[in-house]
Amino acid sequence: MPYLKIQSNKLFSSEDQQSILLEFSQLLSKELGKPEKYIMTSFAPQQEMTFGGSSEPLVFLQLKSIGLPNTQTKNLSEKLCQAVQQIMNIAPERTYIEFRDAPRAFWGWNSTTFE
């Protein structure tokens with residue numbers, strides 16, 4: 001159900017990307033209270049990106065999940081920014097996060113939806 005896409009202008013090896021994805025998968029399972037078997041994470045190839053007129057290391061996260069309440073996004077922002085800083089060595093002020101709540105009928109899996 002939850003899907004996290006990570007985009008950055010900082011170069012990470014394939015091995016580092018896999019490690020980062022697994023750490024974020026575990027974090028999301030814990031913070032969202034959802035089984036990790038349903039969590040998908042992806043890491044986009046290094047991209048040319050700027051933020052605030054600078055090409056210093058940055059990250060853009062997109063988190064989509066069924067039943068993502070807006071009351072939880074502030075806490076998730078804090079936890080994700082902390083993880084970005086610890087795991088990817090990118091400062092919270094160089095991190096943007098887009099949160100999206102996905103309606104159950106618009107999220108498919110295993111030949112059906114979560115409706």
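This is a chat about a predicted model, covering its sheet, its helices and a few loop residues.

Reader: Let's start with the sheet. What's the strand order?

Author: The order is β2-β1-β3-β4, in an open sheet of four strands with mixed pairing.

Reader: And which strands stand at the edges?

Author: β2 (40-43) and β4 (95-102). Each has a single partner strand, so one side of each is left without a neighbour in the sheet.

Reader: How much are neighbouring strands turned against each other?

Author: On average by 10 degrees, ignoring direction.

Reader: How do β1 and β2 run, and how many bridges join them?

Author: They run parallel, and four bridges join them. As for a specific pair, I6 has F43 in β2 as its bridge partner.

Reader: OK, helices. Which strands does α1 lie across?

Author: α1 lies across β1, β2 and β3 (59-66). Its direction is at about 145 degrees to β2.

Reader: What about α2?

Author: Helix α2, residues 73-88, lies across β1, β2, β3 and β4. Relative to β4, α2 runs at about 135 degrees.

Reader: Switching to loops. Where's N9?

Author: N9 sits in the loop between β1 (3-8) and α1 (14-32).

Reader: Buried or exposed?

Author: N9 counts as buried, because its relative accessibility is 11% and the cut-off for buried is under 20%.

Reader: So what does the N9 side chain reach?

Author: The backbone oxygen of E56, at 3.2 Å. There's also the backbone oxygen of S55, which lies 2.9 Å from a polar atom of the N9 side chain.

Reader: Which residues does N9 touch, leaving out those up to four places away in sequence?

Author: With those left out, N9 touches Q46, Q47, M49, S55, E56, P57 and L58. S55 and E56 in that list are the residues whose backbone oxygens I just mentioned.

Reader: New topic: backbone angles. What's phi at N89?

Author: Near 60 degrees, which is a positive value in a residue other than glycine. For context, most residues other than glycine have a negative phi.

Reader: Where is N89, and is it buried or exposed?

Author: N89 lies in the loop between α2 and β4. At 60% relative accessibility, N89 counts as exposed.

Reader: And what's phi at S111?

Author: S111 also has a positive phi, near 70 degrees, and isn't a glycine either.

Reader: Which loop is S111 found in?

Author: The one between β5 (108-109) and β6 (112-113). S111 is exposed, with a relative accessible area of 83%.

Notes. Residues numbered from 1 in each chain as written. Predicted model: local features only at pLDDT ≥ 70, side-chain atom pairs only at ≥ 80, totals over all residues. Heavy atoms only, no water. Helix = DSSP H or I, 4+ residues; strand = E, 2+ residues; numbered from the N terminus. Buried < 20%, exposed > 50% of the residue type's maximum accessible area, 1.4 Å probe, protein only. Polar contact = N/O pair within 3.5 Å; in protein donor to acceptor, adjacent residues only side chain to side chain. Contact = heavy atoms within 4.5 Å. Pairing = 2+ DSSP bridges. Axes fitted to C-alpha atoms, helices over the stretch in contact; angles between N-to-C directions.
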